[in-house]
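Reader: I'd like a close look at one part of this model, the nonpolar core. Could you walk me through how it is put together, then step out to what lies beyond it?

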Amino acid sequence: MRRRSRIPGPMTPEGHARAIANLQPTANLSHGVDRWLKSTIAPPCERCVARQGCPRAGEALDGTCIIATQRQQELIDALMSLPHIEEMDLALVREFAKLTVALEIADVWLARVGPWSMDGEDTKIQNLVSTRLTISRQVKELARELGLTPASRARLRSEEMPMAERIARVFVESLDKDAQDGDAE
């Protein structure tokens with residue numbers, strides 16, 4: 001059996017500081033999506049393709065993208081304030097926020113750099129494009145689970161309504177439709 005490490009992970013302030021300190025400043029990072037997905041450490045500000053013109057460039061003390069970390073927290077706060085989201089859903093909410101921010105990071109990078117890369121004389125699609133599609137599918141699935149899609153909200157509303165009331169509502173709607181059809185003749 002594998003023993004768990006007692007070193008704080010990147011979700012704690014101590015672990016986050018430790019992970020940032022271990023990064024080599026000359027590391028060849030591209031878009032930062034993989035790092036964000038694995039450790040929730042935002043892409044480095046100095047290597048961001050959107051740094052020029054960014055109103056928040058260089059604000060984070062640890063050199064990471066402050067917009068990404070704040071956006072994730074905003075999403076978590078907004079989702080946790082929804083009436084059907086409970087405290088036990090926090091792990092799903094965090095994952096949804098992390099994946100949503102990863103999509104946003106990928107979109108910025110792809111918008112600036114483009115979906116194509118050169119491999120010698122061949123043009124090929126960036127690996128980030130397939131990563132983005134995978135993340136998008138995961139976001140859609142979590143959105144359904146969290147009741148964020150129109151269909152899942154309708155399902156939640158129907159589950160809250162007692163069965164007898166649902167049957168009565170369908171019956172009344174069918175009577176109204178029949179009455180309207182009779183008026184049209």
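Author: Sure, let's start with Ile135. Skipping its neighbours within four places in sequence, Ile135 is in contact with Val33, Leu37, Leu99, Ala102 and Leu103. Bear in mind that this is a predicted model.

Now zoom out to the whole cluster. The largest nonpolar core has 27 residues, and Ile135 is one of those touching the most other members, along with Val33, Trp36 and Phe96. As for where the core comes from, the elements giving two or more residues to it are helix 2 (33-39), helix 3 (66-80), helix 4 (90-113) and helix 5 (127-145). Helix 4 is the top contributor, with 12 residues. As background, nonpolar side chains in soluble globular proteins tend to be buried together.

Next, move on to Thr149, which sits in the loop between helix 5 and helix 6 (150-160). The side chain of Thr149 makes a polar contact of 2.8 Å with the side chain of Ser152. Again leaving out neighbours within four places in sequence, Thr149 is in contact with Ala143 and Arg144.

Last stop, the cysteines. How many disulfides are there? The count is zero. Take Cys54: its closest cysteine sulfur is the one in Cys45, 6.2 Å away, so that pair is too far apart for a bond, given that a disulfide needs the sulfurs within 2.5 Å. Cys54 also counts as partly exposed, because its relative accessibility is 26%, and buried would mean under 20%.

Key:
Residues are numbered from 1 along each chain as its sequence is written. This is a predicted model: local features need pLDDT of at least 70, side-chain atom pairs count only at pLDDT 80 or more; totals for chains, interfaces and linings use all residues. Side-chain values use heavy atoms; hydrogens and water are left out. A nonpolar core is a set of buried Ala, Val, Leu, Ile, Met, Phe, Trp, Tyr and Cys residues joined through side-chain atoms within 4.5 Å. Buried means under 20% relative accessible area, exposed over 50%, partly exposed in between (1.4 Å probe, protein chains only). Helices (H or I, at least four residues) and strands (E, at least two) are DSSP runs, numbered from the N terminus. Contact means heavy atoms within 4.5 Å. A polar contact is a pair of N or O atoms within 3.5 Å; within protein, one must be able to donate a hydrogen and the other to accept it, and residues adjacent in sequence count only if both atoms are side-chain atoms.
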